Amino acid sequence: MYHEHFLRSFRYSMKSLWLLIFPIIRGVSAFRFNPEGFYAWVRGAWMDIFVFGIILLYGLVRWYCSRITLTDNAITHTEGIFFKISRTIPFDKISSASTETLFFLFPLRATVVCCDTRAGFFKSTDMRILVSRDVANKIMSRIPNVKHENRIKDIPVPTFRSVLLFAFFFSSGFSGAVYLAAFFFKGGDMAHDIIGMSLDRINKTTDRISETALLKIPRTAILVGILFIVAWLLSFTMNVVKYYKFRMTADGEYISIACGLVKRRRYRIKADHINYTDLRQNLLMKLRRAVTINISCPGYGLDSNLPVLLSINKKQKIDRGMEVFGVHTLGRPQYRPCWTSFFSYGGIPASCAAAVYVLSQYAIERIPFLDKYLDFPVIMLEIPLLWFTAVKTVAHRTSGISIYSKDIMIWCSKGTAFHTVVAKRKNIVKVEIQQTITQIPWKTCDMVIWFRGESRSRYKVKSMYLKDAREIAEKLHHDILV
Amino acid sequence: MIKFKPARSALFSLQLIVIFISLLLLGIARMFIPVDVIVGIIAIAAGTVDIFMDFIYLPLYFASVRCEMTNDKITRHSGVIFKTSQTVRFSTVQYTTLVVTPFSKHTGLNFVIMFVYGGQMLLLFLSYEDAQKVLEYAGNAEDRKKGEE
């Protein structure tokens with residue numbers, strides 16, 4: 001029987017301690033460094049000190065009552081003082097186990113151990129405990145690991161350059177902006193002042209740029225641009241830190257992954273519990289034949305929303321080492337979308353791009369005064385629309401489905417990303433055929449395939465021939481009524 | 001096949017809890033509301049809910065709940081108005097949670113939650129012995145199956 005790390009007692013106390021934050025601040029500010037002042041201070045603040053002590057004691061008792069038991073087959077975590085909640089996870093049901101060590105936990109020899117199974121609440125860890133490094137090692141020693149003698153040697157090792165490239169492609173201004181917003185809200189006044197000062201400086205700089213530059217770029221546009229670049233840089237840095245020293249080993253049954261600089265994470269994943277593997281690309285990566293391999297597995301990548309298995313690699317490299325995980329990049333779709341269905345793919349963004357241009361020209365012709373105001377928004381609208389048109393045109397040429405004896409491969413696109421999904425057929429939970437009124441005369445339909453997973457995992461291939469879709473459903477032993 | 005029902009003591013405990021909450025509400029109302037009519041209305045409402053829960057709903061609910069357990073699966077039947085039956089194979093149970101309340105051996109307020117693919121099964125108000133038996137079956141189901149083979 002083991003206890004959690006002593007730090008946990010503070011964590012338990014902190015849950016109630018915030019209630020006392022204002023009395024503590026008031027008490028600390030009233031404290032004076034002399035005997036009389038101290039006596040007066042204790043007399044005035046004795047109730048706050050008493051409650052503070054009770055809360056600390058509560059944390060301590062709760063920590064003492066939190067116990068971890070390891071048997072040959074299972075791990076049990078019991079917590080609670082009056083209401084005892086005891087959670088037991090058999091080792092053979094654990095899909096992924098991980099240890100997370102934040103930089104400040106290193107000197108305290110503390111580690112967070114997470115165990116996740118295929119059940120439980122969506123996107124939450126089934127068991128998360130803060131333990132000493134020794135206990136963490138004991139727990140992890142019970143969980144099967146990659147066998148050194150069976151290790152697959154062909155798995156490409158991501159270099160720092162590939163991690164940088166990955167961060168470059170997958171960093172977004174939006175996530176950086178979200179980060180900034182979180183920083184702003186959480187940091188309170190201090191962050192507000194810092195951001196305020198920075199914004200003032202940016203304003204002055206944008207004024208200077210607008211004055212000196214020959215381009216007629218509006219001040220707001222420069223400000224937005226700078227903010228996006230800053231946000232992107234933040235997101236880029238966060239990704240580099242998160243995937244720093246990414247290492248992966250596998251033996252066909254288990255996968256071991258380690259990554260991170262500030263928070264070092266080590267995962268152990270049961271390969272059989274992987275729901276599906278997803279090769280992701282954006283348009284630039286597709287042109288460069290580079291991919292990132294993502295897996296859907298309980299407990300892996302819960303907080304990052306991007307469960308990365310490998311960083312950027314050339315497709316040729318993957319073919320040698322990754323076939324054991326069901327990744328066949330040389331395959332081609334057996335069933336493709338109808339070749340005349342361009343409108344379902346690139347047609348809509350292309351029409352929107354054309355409409356925006358025509359409408360803006362018409363507006364300028366009618367009201368010449370709008371000329372200088374419309375240029376910027378039209379360009380800002382046209383860029384994503386044209387990008388979407390290019391992405392969807394490529395998606396039309398490359399989408400499709402292949403059925404093998406045990407596996408299924410789906411080539412499709414979501415937003416601006418291309419997906420190649422590889423999964424065991426047994427992991428398919430639902431096959432759906434959707435047909436709109438406009439598709440009926442062309443005898444085409446959209447095919448949606450749902451996979452097992454903790455969150456909604458569906459992939460859609462648009463404008464498939466109806467007879468092909470029926471054939472796929474039949475091969476997958478799913479009855480479809482259209 | 002093993003059959004079991006919620007602990008009889010749990011029904012008594014719940015009835016006591018409902019009465020206690022009603023009295024507490026009444027006490028608070030009496031303390032803070034000076035208007036006797038309003039306190040009277042609250043007392044009547046609390047009393048009605050009390051009688052309904054203690055003498056109609058809870059006895060019916062406890063009578064409707066029953067569990068059947070075999071070597072490989074457990075089925076739970078419940079529901080006063082809408083009857084539901086839920087069956088779970090022990091081989092699909094990923095992990096289990098046991099919630100034990102103070103003096104649960106006497107009150108029967110033990111709860112077992114079995115987490116399976118895509119959901120969970122809640123077994124409420126079990127006696128301590130029944131809860132342990134369910135956990136034992138859920139935990140060793142696969143081992144026992146191998147032994148039988």
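**Notebook: salt bridges, sheet and interface**

I looked first at a charged pair, and found the side chains of Glu79(A) and Arg62(A) meeting in a salt bridge at 4.0 Å, N to O, where a salt bridge is a side-chain nitrogen of Lys or Arg within 4 Å of a carboxyl oxygen of Asp or Glu. Glu79(A) lies in strand S3 (residues 74–79) of chain A and Arg62(A) in helix H3 (residues 35–65) of chain A, so the pair ties together parts that are 17 residues apart in sequence. Over all chains I noted 13 salt bridges by this rule, whereas between chain A and chain B the count is zero.

I kept in mind that this is a predicted model, in which local features need pLDDT of at least 70 and side-chain atom pairs count only at pLDDT 80 or more, while totals for chains, interfaces and linings use all residues. Residues are numbered from 1 along each chain as its sequence is written, chains are lettered from A and ligands numbered from 1 in the order in which they are written, and side-chain values use heavy atoms, with hydrogens and water left out.

Next I turned to the interface, where the contact (heavy atoms within 4.5 Å) takes 18 residues from chain A and 17 residues from chain B. The buried area, meaning the accessible area (1.4 Å probe) that two parts lose on being put together, summed over both, is about 1,500 Å², with carbon and sulfur atoms giving 53% of it. On the side of chain A, Lys93(A), Arg118(A) and Ala119(A) lose the most area to chain B, together 29% of what that side buries.

I then followed the strands, which are DSSP runs (E, at least two residues), numbered from the N terminus, and which pair if DSSP finds at least two bridges between them. An open sheet of seven strands runs in the order S1(A)-S2(A)-S3(A)-S4(A)-S5(B)-S6(B)-S7(B), with antiparallel pairing; its edge strands, S1 (2–3) of chain A and S7 (119–126) of chain B, each pair on one side only. Strand S4 (residues 84–90) of chain A pairs with strand S5 (residues 93–100) of chain B in the antiparallel sense over five bridges, and there Lys84(A) stands opposite Val100(B). S1(A) is joined by two bridges to strand S2 (residues 67–70) of chain A, with His3(A) having Arg67(A) as its bridge partner.

In chain B, I found strand S3 (residues 73–78) and strand S4 (residues 84–89) paired antiparallel over six bridges, with His77(B) opposite Ser85(B). S3(B) and S4(B) form a hairpin with five residues between them, and Gly79(B) in the turn has a positive phi of about 115°.

Last, I checked pLDDT, the predictor's confidence in each residue, from 0 to 100: chain B averages 87, and 93% of the residues score at least 70. Over residues 143–149 of chain B pLDDT stays under 50, and the model has four contacts beyond four places in sequence for them.

Technical notes: Helices (H or I, at least four residues) and strands (E, at least two) are DSSP runs, numbered from the N terminus.
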